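Hi everyone, thanks for making time this morning. I'd like to walk you through a structure, so have a look at it on the screen.

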Amino acid sequence: MTVHVRLTSALYKDIRADLERPHEFAAERVGFAYGRQALTSSGVLVIVIAFDPVADSDYEDDPSVGARIGAPAINKALQRAASLGAAAFHVHAHLHAGPPRFSRTDLAQLPPVMEPFAHIVSNQTRGLLVFSDDDCTGLAWVPGERSSRRVSAVTVVGSPMQLIGVRR
Amino acid sequence: MTTERTSRQSFLGDHSDDQFARVSVAVLGLGGGGSHIVQQLGHIGFSRIGICDPDVAEESNLNRLVGATEKDVEVGARKVDIASRMIKGLRGTAKVQVLFGRWEEHANTIADVDLIFGCLDGYAARRDLESFARRHLIPLIDIGMDVHRADGAAPQMSGQVIVSMPGGPCMWCLNYLNNVVLTREAEKYGAAGPRPQVVWPNGILASAAVGIAVDLLTGWTQQRPPIYLELDGNSLTLAPPARLALYDLQKPCRHFPADDVDHHGDPVFKVR
């Protein structure tokens, strides 16, 4: 089964610009992307439609990690996903060229952040996306499955089209 | 990196071969237009191609169906198999998904592709396909041709290439689709007779569609590809219709709002 993510180039540009903004104390920025899934013959397609940055005030000062967000940020994201009935992805960026990788901290701390989304919008995929300057890596939990799957492709729809994070 | 095979198209960019190998496209309708497109995709190096059509080759197709032979007509070969043979003959490693039947029967497979070439007949078919493509955020490049005959006048051959890009103007915004043409088509349903089709205008339209796709994928022209080109088949010109200047193409499409979650993906029930 594959998990394919698709978004417009306008939204991609907005997300990238937002994640590259400096924060007062956090080394990285975080946001949540929302969309809807469609079942395909090879798996799941998630069409990302909206992105909400985590508010400056919802970061917690923790120099041991790139960014730590507090419960209010997660609650807002949960509420938004519930209102939209949407799939949701935690999104952040590692600002370098080439394929990004989730850090050990990411893999330990981010899945629990996304776990409640499975209860709030149980029929939609949830996941994690990390962008680099020119690529993307993702993990996704498809409804009804316990383990995560690697995002197999991210298509940025626009002119020109970008196929990033393609692991087909 | 380009290879010896694609060395003559290296101006498309260092990564163009990779891009053609990775992108997944579908050609829906493998008649006069679609068969041209499939052939060109094979030459260029597209390696993940879905091909969909419900028909078999008939004698009346031989005036325009690229790749078809008299033998195909004799044995009633499926158009999908003719197209598959053509692609495989040009690029044996291509992954061809043969989708025999109407595209709606294969919607779950088509939803996964990155780009659709729509080569369907009729306005209602275009309406349905565009709606599907928008819902799944897939760029759609539509082509089609027709021949009209007014009393006493020479036949007038026309056609179009429309790029329906999510977020951009749709066929309704461009007034290619409207209730008048849809109603007229519905009234004529079953009484239209065979539509005139010939090989050369399909070649022009298909070449433009493929050229636009290549530009979308490589950005080699560093220009925004055209949204709407109209063919005057009598003078053999392809140009944006003059009336395009009347439309505000920067205005967000109101028929398929790009920022509305409910307009995308599979339908869901929401309890309010």
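I'll start with the place where the two chains meet and then turn to the sheet in chain B.

One thing to keep in mind: this is a predicted model.

So, how many residues are in contact between chain A and chain B? On the chain A side there are 29, and they touch 28 residues of chain B. Four elements of chain A each give two or more residues to that side: strand 1 (2-8), strand 2 (30-39), strand 3 (43-53) and strand 9 (149-157). Strand 2 of chain A gives the most, with 6 residues. If you like to think in residue classes, the side of chain A that touches chain B has 15 nonpolar, 11 polar and 3 charged residues.

Now over to chain B. Here 8 strands form an open sheet with mixed pairing, and the order is 3-2-1-4-5-6-7-8. Which strands sit at the edges? They are strand 3 (95-100) and strand 8 (237-239) of chain B, each of which pairs on one side only. On average, neighbouring strands of this sheet are turned by 15 degrees against each other, ignoring direction.

Let's look at the strand 8 edge. Strand 8 of chain B pairs with strand 7 (residues 228-232) of chain B in the antiparallel sense, over 3 bridges. Leu238(B), in strand 8, is the bridge partner of Leu231(B).

Finally, the helices. Helix 8 (residues 199-218) of chain B packs on the sheet and touches strands 4, 5, 6, 7 and 8 of chain B, with its direction at about 165 degrees to that of strand 5. Helix 4 (residues 79-90) of chain B lies across strand 2 (48-53) and strand 3 of chain B, and runs at about 170 degrees to strand 3.

How values were computed. Residues are numbered from 1 along each chain as its sequence is written. Chains are lettered from A and ligands numbered from 1 in the order in which they are written. This is a predicted model: local features need pLDDT of at least 70, side-chain atom pairs count only at pLDDT 80 or more; totals for chains, interfaces and linings use all residues. Two residues are in contact if their C-beta atoms, placed from the backbone, lie within 7 Å. Ala, Val, Leu, Ile, Met, Phe, Trp, Tyr, Cys and Pro count as nonpolar, Asp, Glu, Lys and Arg as charged, and the others, Gly among them, as polar. Two strands pair if DSSP finds at least two bridges between them. Axes are lines fitted to C-alpha atoms, for helices over the stretch in contact, and angles run from 0 to 180 degrees between N-to-C directions.
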